[in-house]
Amino acid sequence: MSSERERPPGRRRGLPALALAAATALAASTVALTTAAGAAPAEPSTAQSAYEWDNVRINGGGFVPGIVFSETEPGLAYARTDIGGAYRWDPGAQRWIPLLDWVGWDDWGYTGVVSIATDPVDPDRVYAAVGTYTNDWDPSNGAILRSDDRGETWEATELPFKLGGNMPGRGLGERLAVDPNDNSVVYFGARGGHGLWRSTDHGATWAEVEAFPNPGDYVQDSSDETGMMSDITGVTWVDFDPRSGGDGSVTQDVYVGVADLENPVYRSQDGGRSWEPVPGAPTGHLPAHSVVDHEGGQLYMATTSTPGPYDGDSGDVWRMDLATGEWTNVSPVPSGSEDNYFGYGGLTIDRQDPDTLMVATQISWWPDIQIYRSTDRGETWTQAWEYSSYPERAKRYEMDISAAPWLDFGGGGTPPETQPKLGWMTQAMAIDPFDSDRFMYGTGATIYGSDNLTNWDSDTTFDIEVKVQGLEETAVNDLISPPEGAPLHSALLDVGGFTHQDLDTAPDRMYQQPYWGNGTSLDFAELKPATIARVGGSDEEAAIGLSTDGGDSWWAGQEPAGVTGGGTVAVNADGSAVVWSPDGTGVHVSTTAGSSWTASTGVPAGARVQADRVDPDVFYAVSGGTFYTSTDGGATFTARFDGLPAEGDIRFGAVPGHTGDVWVAGGAGDHYGMWRSTDAGTTFEQIGAVDEGDAVGFGAPAPGADYPAVYTSSRIDGVRGIFRSDDAGRSWVRINDDQHQWGWTGAVVTGDPNVYGRVYVGTNGRGIIYGDLADGGGEVDPDPSPDPTEDPGGEPDPSPSPDPEPGGCGVEYGVGNTWTGGFQAGVTVTNTGTEDLDGWEVGWEFTAGEEITSLWNGSHTQDGASVRVTDSGWNARIAPGDSVRIGFNGTVDGEPADPTGITLNGQACD
């Protein structure tokens, strides 16, 4: 599920993370380049605003290549991801806690975790090897992170080479291992031909083990010019026999897996001073995973034909007697069998009963992975499912995906396939060393697990359920937050995207009809927000989907000839036209809801497109440093401004409620920043405080303001962060902090049009982040009157009567924005009585011919001048003293006027 997330370098920028803050001390091959994570930065000249941050709940969405339980403390476990950082399990809350959110823009590569290790002596210590690519996509070297407080804080030692947390072989391991007797000794197996490394001071400094003879020579595809498949897979795992040492003394017997088809396993019997190939070790496959049964004196090894995680068509499981050195093939399905079409991945033993072991197939896309279990050291095996009468399957397990219902991928599957699948890309699997009933395993999109695993052995059904809560790992391409309906819609890599009806609940389903894995862009009609278009890439479905009911249902549009990818899409203000700039062909426009397309003229292929949020005739495009405008609904574009950055990523947005108001962010080198136009792109003014602008979006205005809040992921006055401006860019406040940076956040940032202060941030592996003001300002409609009337005459006394009536109500009406032929307004109803209102209907009479085009926080009907608005369910209850605000857009010939006859539940309000 995560192959497409190996994204090109243009999606991320940065310098070596420690270059400015650390000192280098190289003696021979010893590395001691260290900095404290989250160290205080230079004092910013911008102000700071307190925020509370959380994830928009999806629950998973990406590959989990490693799960490690502590063998010292019950309930302590860690998970690593390929682009989304590392996590610690919270057994009380039954959810994962993110540990690397402090990773910033310049060191985004640290979000790819190659390996993780918990200290078997001191459970407070944990280590992570980080770095995302070994090619030029990641400009920084890798590092070993160390923590002595379970990942609450970290220190980093930079390595003199790169690591590959999102490269083939990332599920092998674990490459990091702590000596179980002398925990100051930590080993790390590197890829890229860099060999075996060791620290003797709890990870503070590292040196290559020069006596180790073989860094590995396996290369999956030497002709791959990207470097992804042509890099040396290297040292794949490190393991210890703890019986060969004592407390405080170095373990003597150390075993190391090497990606070498002829010499896959090495051993030291003198604490790492000398090494030799293990005699009789099986050849012809790669050593993927190992586990040592230190009670029974056995080493188990799973092998595969390729590093994975997407392939591997052959493999075996081996057992070595550590006393005699004898190797035994204990494969459930040996590689020589015609039934073997897979390598082996996740491997684990039950520490409470070490004769029990489990192994998973690394990959078997069709019909499903298989999990095998043995209770006699691999002599015999049972399997999680088998055919009863082909194509039907008999399963030992029942699956519960209620925590992430979208894992059925929209259907039940056609036998012998089932949905949800048991798994795929399963290179991580672990039985809790303190609880034989508990195990977890990773897939390409989630973590599954069981709490009654031993039912397997009594031929009783055991339960598998989602165990990924708290771990959010999607890569985000685009987000929209319409003023009515669901608060958020997303375009994501790997899982397409979702309509998010509730930010705190995982969606029921991903986008379907059409479905594709990689969503690239989406947009909605500002004045008709239920009209939405989304685009993405797939070989199997049309690359554009449209909805007129706010994303509840979709249909596939037609494609212009030559389309090869999603590109960007824009919907005009009233939903009557869609402009699409797909990959593979030029910009096109449809006025037939996607059923036919006409090539736009005057605009280059590949231009990024947007729509004016007020004028349905106006579209915008940017390409090669030139800004283009269409005033005929996307049919023709005219170049209006030449002077924007021609290189680097460019993203831009039009301002809701303000026609012709456009903000552009992006660039590279010396031409990198943010610009604003208020005349539909004829002229632009650079925003001076923004050193480097990357993503810009808009949300509800501050109380009393009439211009939307502006949000950006940028470097402003020398400080990288997420910023908000409440005064159209004249001043900025940083709203994140150094512990909440989430790596690379340059794809999309946008506000919520209904909640002042709320911002949505797209990350490249930590999912969708949203933030609210810490003082409670982020709650829905925190101010009962964000758009007060200019003339307050006739409004009620703001002080309530000391003896209010049981059903009393107060009303405030305000016009926030106006434009030619249209306006935006709001009605705030306050319960001034002494009893709860449970369900409400507000009515009024327009006086100037106004007509509502869209309304939020309620459902409305209009009959001539008469308007009736009922609650949305979630806001049905109004407690005494509380308020409900209804916002809407409308049309009017001339200027809007104050309404008359405002009522609440049929009674007149003051």
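This is a short tour of aromatic rings, and of one arginine that sits over two of them, in a predicted model.

Start with the whole structure on screen: a search through it turns up 36 aromatic pairs. A pair of aromatic rings is described by how far apart the centres are and by the angle of the planes, so keep your distance and angle tools handy.

**Stop 1: F212 and W275.** Select these two and show their side chains. The ring centres are 5.1 Å apart and the planes meet at 80°; angles over 60 count as edge-to-face, so that is what this pair is. Now colour by chain position, and you'll see that the pair links distant parts of the chain, 63 residues apart. F212 belongs to the loop between strand 16 (206–208) and strand 17 (235–240). W275 is in the loop between strand 19 (265–268) and strand 20 (276–277).

Are these two residues buried or exposed? F212 has a relative accessible area of 8%, and W275 comes in at 12%; under 20% counts as buried, so both make the cut.

**Stop 2: the neighbours.** Keep F212 and W275 selected and add Y187, F240 and Y266: ring pairs link these five residues into a cluster.

**Stop 3: F342 and Y344.** Jump here for another edge-to-face pair, with centres 5.5 Å apart and planes at 90°. Both F342 and Y344 are buried.

**Stop 4: R534.** Finish by selecting R534 together with W516 and W554. What does R534 lie over? R534 is over the face of W516, 4.8 Å from the ring centre. Turn to W554 and you'll find R534 over that face too, at 4.4 Å from the ring centre.

How values were computed: Residues are numbered from 1 along each chain as its sequence is written. This is a predicted model: local features need pLDDT of at least 70, side-chain atom pairs count only at pLDDT 80 or more; totals for chains, interfaces and linings use all residues. Side-chain values use heavy atoms; hydrogens and water are left out. Rings of Phe, Tyr and Trp (its six-membered ring) pair if their centres lie within 6.5 Å; planes under 30 degrees apart count as stacked, over 60 as edge-to-face and the rest as tilted. Helices (H or I, at least four residues) and strands (E, at least two) are DSSP runs, numbered from the N terminus. Buried means under 20% relative accessible area, exposed over 50%, partly exposed in between (1.4 Å probe, protein chains only). A charge sits over a ring if NZ of Lys or CZ of Arg is within 6 Å of the ring centre and within 35 degrees of the ring normal.
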